[in-house]
Structures are given as structure tokens and as C-alpha cells.
Amino acid sequence: MAAPHPTWALPYKDRASLPSTPPLAAYLLRLIHLKRSNLCLSADVTTTSELLSLAEEVGDSICLLKTHADIINDFSDRTVRELRGIARRKRFLIFEDRKFGDIGSTVQRQYTSGPLSIAKWAEITNAHLFPGPLIVTALKQAAATAIAAYNTSVQTDISVGSPIEPPSYAESSSSHANATNHVPNNTSSPDRDAFAREGCDARKHSVVSITHTISTQTEPMSPQATPSFDDSDPIPNINSPFLRGLLLLAEMSTEGNFLTGSYTSSCVEVARQHKDFVLGFIAQRSLNTQKEDNFITMTPGVSLPPPGQEGKVGGDGLGQQYNSPRSVVLEKGSDVVIVGRGILNADDRSAEAERYRQEAWTAYEARIGRRR
Ligand code: S5P
């Protein structure tokens, strides 16, 4: 068997600093390092209030919260606004598990418009490759447009000189973007989250012409510096960059799925061609094989037996198959474990999330050689 890829033994924070790591991946890797959490909660709930309570209960233990926005009965601007407020306060990124899989022009619209308008509020989403590689190009273009629109909205607010009112959920800080930094890393979130409120009231203050601002200030996929923070920075002082990234579904957790062999290899090849946008994969194991690879692997189908019990958790009778955090992270080299019902069905979801976080973190420490 081939030796594990060097990324298996490299701490998250060192991977974040590799020169080829794109800013959103670097941000996530540093966030994982600072929160000591390689846990993604799969928040598969059907109402806004359940989603928000869950985010509050579990937010401190996770680096990412994964949504299925299309199962939330009352999904609205309020859902987005309040979820983003919690994400900012508790420091996690949002991943909408949309699993795009259509022709390019359709996925662009699915990503940026309609009642979900995913590109406006989720830093990360995912796609299947079965429509062909141009699905990635299409989503990347749409992400660039969303970022440009965000940049424009920031610039507009500056041009008109009228501050956006901090929304009711906002933290007390309300610093605004400066005119030279169009994707403000260190800007507090009223600006960022104002973008998510498009369609509500965030931009109604802006009445100036924005033509000049767009032509001079907007760049596709803003190549801004990676947000800097290190071990000495307290977590509350980091702000997520307004960037968008994609995960390719290279493997699935379900029994009998067809995402195997050359299909999986094609996902990796396509990802290598779009390293500025494809952060990594949904897969059951690390797919880093070439020297330069530094993709982030996120693995669903993860569950633990109840506290005090041993053994493997059985499937759900509908194809889902489970592995332990230890097996996925230590033996398969995955970076982030995705857990849904294992946490959602617990009596104390906060304590259960902590239990998963600790298991996955201990497995990571063992993988990089810090623990047996
Ligand atoms: O292969 C996959 C890919 C995904 S994104 N298998 C999965 O289970 N998922 C998602 O992970 C699935 O849609 C669900 O939201 C979550 C797993 O939930 P759990 O309750 O089984 O942990």
C-alpha cells in the first residue's frame, strides 16, 4: 500500500499556510485549528426555529454547519439573517448541501436566484460532476458574479455615505469597509450580512449611480490576501472572508452508489484545474495523491455508538452507512467529519456535539503524530 500523502501528517494550520492554498480553504483550515474542531453539523431540520436553536446549541463545537435549505418549510430572509448572525458570533462557516447536478446555465440560476439564492449566504456548496466538468466553470462564474454584487453593494454604501443600520442580531461592533478593500477581511459583519439581506432592506439607502464603482472596484473572485490570524488571536476577532467555494461529490456514503473508480478520479482531475474554487471533496477518504494536492476532504456517514458502548453503528435502512470519526479521520485521512442524526437525535445535542468534536479531534491529533 502506498504511503499516506504528506497532508495526512501536516497540521491544519500548516496546510493553511501553503502558498497554493486558496483564501477560503486557508480560512477554514485556520478556523478548524483555532476552534480545535473538525466537526461539521448536518442540520437536517425542517423549520427555521429548529435550525436556529440547533446552531445556538452546537455552534461552539463546530467549524461548519451544513444545511439543506430546501427542507426548511419556512425558509426566508429571516432564516438567513439570523443563521448568519449566529455563524458570525459562534464562528463557523455555512455549507449548503445543494448537490448541484444540471446543465451550466441552470445551476447558475439555482445557485444565485430563486427563494434560496444560495450564493448570497453560504460560503460553501457542493456539486456532482456527472453533467461534465463545465458545471464547475458555471458555478465558479456565478460565484464571481455574486462576489462582484457584494463588492458593489459595499461600494455603494460607501459612496452614498450612509451607514447600514446594524441589524438587530448584530454584534456591537459596526466598523465599515474602507474604500480600497473591496472584500473587507476585517470588517465586522453588518456589511457582509447586509448582502444576505438583499431583498429585505439592506440596500434601500443606496441611490447613487454605481457605474463608476463597478468598473473600477469589482474583480472576479477577489484575490485578496488570506485573512491573517494566528494562535495568539482570540477566535472572536476573526471574520470570514466574503468568498465562495465548492466541494465535488467524489464518493458517497450510501450502499451501492455509483461514485467510484474513474468517476472519483475525474473529480480529482477537475478539482486540480479549479483550485481557486474547488476546496476539496465530499468523499469517504482523502483523495490527495499528487505532491501539490491539498484538498479538504469532508466525510458524511459518521456516527458513534451511545456513550459507554462500543462497536459500529448500523445503517438507517435507506442506504446510509456509518463509520466512526476515528476510522474516517485516522485511517482514511479525511479532514472534516459530517454528522447529522448522531447529534440531532441526542437528548443533549450540545454535549453530544462535544463528544463528536473530541473524538474527531483526537483522531486528527493521532494522525499528525501528537497522540497515540
Ligand atoms: O454521500 C453522502 C453525501 C452527503 S452530503 N452522504 C450523506 O449522507 N450526505 C449528507 O450528509 C446527507 O444529505 C445528510 O444531510 C448528511 C448525513 O446525515 P446523517 O444523519 O446520516 O449523519
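## Exercises: strands, a helix residue and a ligand shell

F281 has T297 in β7 as its bridge partner. This is a predicted model, in which local features need pLDDT of at least 70, side-chain atom pairs count only at pLDDT 80 or more, and totals for chains, interfaces and linings use all residues. Residues are numbered from 1 along each chain as its sequence is written, and side-chain values use heavy atoms, without hydrogens and water.

**Exercise 1.** State how strands β6 and β7 are joined, then place them in their sheet.

*Solution.*
- Take β6 (residues 278-282) and β7 (residues 296-299): they run parallel, joined by three bridges.
- Apply the criterion: strands (DSSP E runs of at least two residues) pair if DSSP finds at least two bridges between them.
- Widen the view: a closed barrel of eight strands runs β1-β2-β3-β4-β5-β6-β7-β8, with parallel pairing.
- Add the twist: neighbouring strands are turned by 25 degrees against each other on average, direction ignored. Axes here are lines fitted to C-alpha atoms.

**Exercise 2.** Is V80 buried or exposed?

*Solution.*
- Locate V80: helix α4, residues 77-90.
- Read its relative accessible area: 5%.
- Compare with the cut-offs: buried is under 20%, exposed over 50%, with a 1.4 Å probe and protein chains only. V80 is therefore buried.

**Exercise 3.** Which side chains among S42, K66 and Y322 make polar contacts (N or O pairs within 3.5 Å) with the ligand?

*Solution.*
- S42: 3.0 Å to a ligand oxygen.
- K66: 2.7 Å to a ligand oxygen.
- Y322: 2.6 Å to a ligand oxygen.

Conventions:
Helix = DSSP H or I, 4+ residues; strand = E, 2+ residues; numbered from the N terminus. Axes fitted to C-alpha atoms, helices over the stretch in contact; angles between N-to-C directions. Polar contact = N/O pair within 3.5 Å; in protein donor to acceptor, adjacent residues only side chain to side chain.
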